[in-house]
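Please open the model in your viewer and keep the sequence panel beside it. The stops below are given as selections, each followed by what is to be found there.

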Amino acid sequence: MGPEKVVCVSDRRTGMRGVLVLDNTARGMGKGGTRMSPTLTVAEVSRLARTMTWKWAAVDLFHGGAKAGIRFDPGSPDKEAALRAFARALRNEVPAEYVFGLDMGLVEDDAAIILDELGRGTAVGLPRALGGLPYDELGITGFGVAEATDAAASAQGLSLGSARVAIQGYGAVGWAAARRLAELGATVVAVSNAEGCLHDPDGIDVGRLAALREQYGDGCLREHGGAVLDAEAILRLDADILLPCAREDLVDEDAARATTVRLVVEGANLPTTPAAKEVLHARGIPLVPDFIANAGGIVAAAHSMDARLSPFTVDPADVLAMVTAKLRENAVAVLHASAQHGVTPHVAAQQMAEERVAEAMRLRGQVAVDRVSVDVG
């Protein structure tokens, strides 16, 4: 399946080190977000690029899996210089093989810097003032996670109106998911971030917390008032639904054994370890996989890719309507296939995506279909 190309770059002046991974482009050119982290590794970006391959195929949109990353502190005053250096280093690949998007550590203003460095059509997720569709401002990915949660809960006989939800991670995805879940009638009882876990069994005022996040960042949990526990406590609190919306591998085997929830919906990429998925499946706790639940961002990216050279802007209403339709349908289909075939929802979802990628590879004469294999871990 891939990766097809791994490009490592560096810049002596800023100390920037970065990587672009083109995982599989059988269904279209590589498209995925770009993250910035002081601990980023090539292996991390490669895993995320493979997830993008499945994500594009699962929503049946025609781009290929790719991801880019910069090993640099996003809080550094030299962030812009490092970002410009990274963009320049990939000018041979961008936009011919890859178009920049946003992931952890980057925001809409950073997409504008890439645009300034490389020119029009090289980045999506731009600020509205530059004709872009600002995903994080609109909360499109979190909106989709909430829609998938509602559909999955209904399929399991759980009414969202009576459900208590815990959200691990209160960044771009977590806050938007909380907002939409509240609109759909759920009660958010716990939210965590790097500074702790805010817990209120009677329900958190989601609107007030969102306003405090704008003002205080991660300190919003303590400013809200109420019980603030250790961040890890959220995985063991009494709730009906858990949304891991933070980082990779934070829901481990121990957490899977301890949780009392009836449904897990992955808002982050790769938040649940393979062993934890098996434990949840054995306990009869459905899990909606990341590349099914958090695909709202790539639906927005697909619209933005289509319009990136156009003078006309994308209508957010069109994007949200497609996010609702595709993610709700996929969430229910994957849980049904999991129950029908006795496999984890992750395996069921990956089989669906793998078949689409393998067929594209076969039609293009890249490989015989019976030679295509996949690592389900």
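**A tour by selection**

Helices α5 and α6 are oblique to each other, because their axes cross at roughly 50 degrees. Bear in mind throughout that this is a predicted model. Select α5 (residues 140-155) and α6 together, and look for the place where their axes come within 7 Å; there α5 passes α6 in a right-handed crossing. To see the contact itself, show the side chains of Thr-141, Gly-142, Phe-143, Val-145, Ala-146, Glu-147 and Thr-149 in α5, which meet Val-173, Ala-176, Ala-177, Arg-180 and Leu-181 in α6.

Next, keep α6 (residues 172-183) in view and add the sheet on which this helix packs, where α6 touches β7 (164-168), β8 and β11 (241-244). The direction of α6 makes about 170 degrees with that of β7. Colouring the whole sheet brings out seven strands in the order β10-β9-β8-β7-β11-β12-β13, an open arrangement with mixed pairing. At its edges lie β10 (227-229) and β13 (287-288), each of which pairs on one side only. Within the sheet, select β8 (residues 187-193) and β9 (residues 196-199), which run antiparallel and are joined by four bridges; Val-191 has Leu-198 in β9 as its bridge partner.

Now centre on Leu-243, which, neighbours within four places in sequence aside, is in contact with Val-145, Thr-149, Val-165, Ala-166, Ile-167, Gln-168, Ala-177, Leu-181 and Val-265. Leu-243 is also one of the residues, with Ile-167, Ile-241 and Val-288, that touch the most other members of the largest nonpolar core, which has 51 residues. Apart from that core lies another, of 27 residues, including Met-36, Ile-70, Ile-113 and Ile-114.

For the last stop, select α2 and α3, whose axes come within 9 Å and cross at roughly 50 degrees, so that these two helices are likewise oblique to each other. The crossing of α2 past α3 is right-handed. On the α2 side the contact is made by Lys-79, Glu-80, Leu-83, Arg-84, Ala-87 and Arg-88, and on the α3 side by Asp-110, Ile-113, Ile-114, Asp-116, Glu-117 and Leu-118.

Which residues of α2 (residues 79-89) are buried? They are Lys-79, Ala-82, Leu-83, Arg-84, Ala-85, Phe-86 and Ala-87. To see what covers these buried residues, add β1 (5-10), β2 (17-24), β4 (34-37), β5 (64-71) and α3 (108-118), which are included in that cover.

Conventions: Residues are numbered from 1 along each chain as its sequence is written. This is a predicted model: local features need pLDDT of at least 70, side-chain atom pairs count only at pLDDT 80 or more; totals for chains, interfaces and linings use all residues. Side-chain values use heavy atoms; hydrogens and water are left out. Buried means under 20% relative accessible area, exposed over 50%, partly exposed in between (1.4 Å probe, protein chains only). Contact means heavy atoms within 4.5 Å. A nonpolar core is a set of buried Ala, Val, Leu, Ile, Met, Phe, Trp, Tyr and Cys residues joined through side-chain atoms within 4.5 Å. Two strands pair if DSSP finds at least two bridges between them. Axes are lines fitted to C-alpha atoms, for helices over the stretch in contact, and angles run from 0 to 180 degrees between N-to-C directions. Angles under 35 degrees count as roughly parallel, over 145 as roughly antiparallel, 65 to 115 as roughly perpendicular and the rest as oblique. A crossing is left-handed if the near helix is turned anticlockwise from the far one by less than a right angle, and right-handed if clockwise.
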